[in-house]
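Q: Could you take a close look at the surroundings of the ligand in this protein, and then set that part in the context of the whole chain?

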Amino acid sequence: MGNAPPAALEEVVIRRAAPDDIDGIISVNIECLPEHYPIRFWLEHIERYGDAFYVAEVGSRIIAYVMPRVEFGFAKLGTGMRRLGHIVSIAVRRAFRRRGIATVLMTASMESLKNEYGVQEVYLEVRVSNEPAINLYKKLGFTIVERIRNYYLDGEDAYVMAKEL
Ligand SMILES: CC(C)(COP(=O)(O)OP(=O)(O)OC[C@H]1O[C@@H](n2cnc3c(N)ncnc32)[C@H](O)[C@@H]1OP(=O)(O)O)[C@@H](O)C(=O)NCCC(=O)NCCS
């Protein structure tokens, strides 16, 4: 109920993350998710997989991010060992949700994972109760490939969802 202008009127810029964004990214993470990480972990991902780590910004404020990593491991969808993109964390501040920002971030990150890092398949874990996120991933072409019991610290199960790039 403040006097801030409606978020819809503000311009959202999507760009690659830089180390200076770290405070803004962590602040979005704290607002949006119960899973947090040490600063070193965030910085390491910007340093190593920064071409696929994107943020959304309004003015100079970070309002969303997607943090991926690249792994070499067993395919979730194909066969044998593959270069896998792993979406470690994604979040959009509440006031900016449901206007396609996560879709744009995920699409940009997957493009970069494929083109810059040679990734063939992308996967992620999501709480089985997280309907908004599950819908988002399904809309982007992900399918549920596995359910992991007690994956989260509070005991909730995770779906593993994957998509061929
Ligand atoms: C999940 C999250 C990232 C989606 O961000 P967003 O920018 O609002 O998503 P988009 O606007 O791109 O939505 C794309 C699609 O996802 C689905 N979706 C998004 N929010 C939804 C909701 N609240 N309820 C149902 N479906 C939803 C819809 O299919 C939507 O398409 P539509 O708007 O045309 O119907 C955001 O809700 C969030 O930050 N949640 C908290 C953090 C989190 O759960 N992260 C994922 C951890 S695995």
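A: What follows describes the shell around the ligand first, then the overall fold, and last a pair of helices and a single residue.

The model is a predicted one, in which local features need pLDDT of at least 70 and side-chain atom pairs count only at pLDDT 80 or more, while totals for chains, interfaces and linings use all residues. Residues are numbered from 1 along each chain as its sequence is written.

A residue belongs near a molecule if its C-beta atom, placed from the backbone, lies within 6 Å of it. There are 20 residues around the ligand, and those that come nearest are Arg-97, Ala-102, Thr-103, Pro-132 and Leu-136. Three elements, β4 (81–92), α3 (101–117) and α4 (131–139), each supply at least two residues of this shell, and the largest share, six residues, comes from α4. These labels refer to DSSP runs numbered from the N terminus, with helices being H or I runs of at least four residues and strands being E runs of at least two. By class, the shell has eleven nonpolar, four polar and five charged residues, where Ala, Val, Leu, Ile, Met, Phe, Trp, Tyr, Cys and Pro count as nonpolar, Asp, Glu, Lys and Arg as charged, and the others, Gly among them, as polar.

Turning to the whole protein, there are four helices and seven strands, and along the sequence they follow the pattern β-α-α-β-β-β-α-β-α-β-β. The C-alpha trace spans about 55 × 35 × 30 Å along its principal axes. Of the 165 residues, 27% count as buried, which requires 20 or more other C-beta atoms within 10 Å of the residue's own, these atoms being placed from the backbone.

Early in the chain, the axes of helix α1 (residues 22–32) and helix α2 (residues 39–49) come within 11 Å and cross at roughly 120°; such axes are lines fitted to C-alpha atoms over the stretch in contact, and angles run from 0 to 180 degrees between N-to-C directions. The contact is made by Ile-22, Ile-25 and Ile-26 of α1 together with Ile-39, Trp-42 and Leu-43 of α2, two residues being in contact if their C-beta atoms, placed from the backbone, lie within 7 Å. The residues of this contact divide into six nonpolar, no polar and no charged.

Finally, helix α3 holds Ser-112, which counts as buried because it has 20 C-beta neighbours inside 10 Å. Leaving aside residues up to four places away in sequence, Ser-112 touches Asp-51 and Ala-52.

Technical notes
Buried ≥ 20, exposed ≤ 12 C-beta atoms within 10 Å, placed from the backbone.
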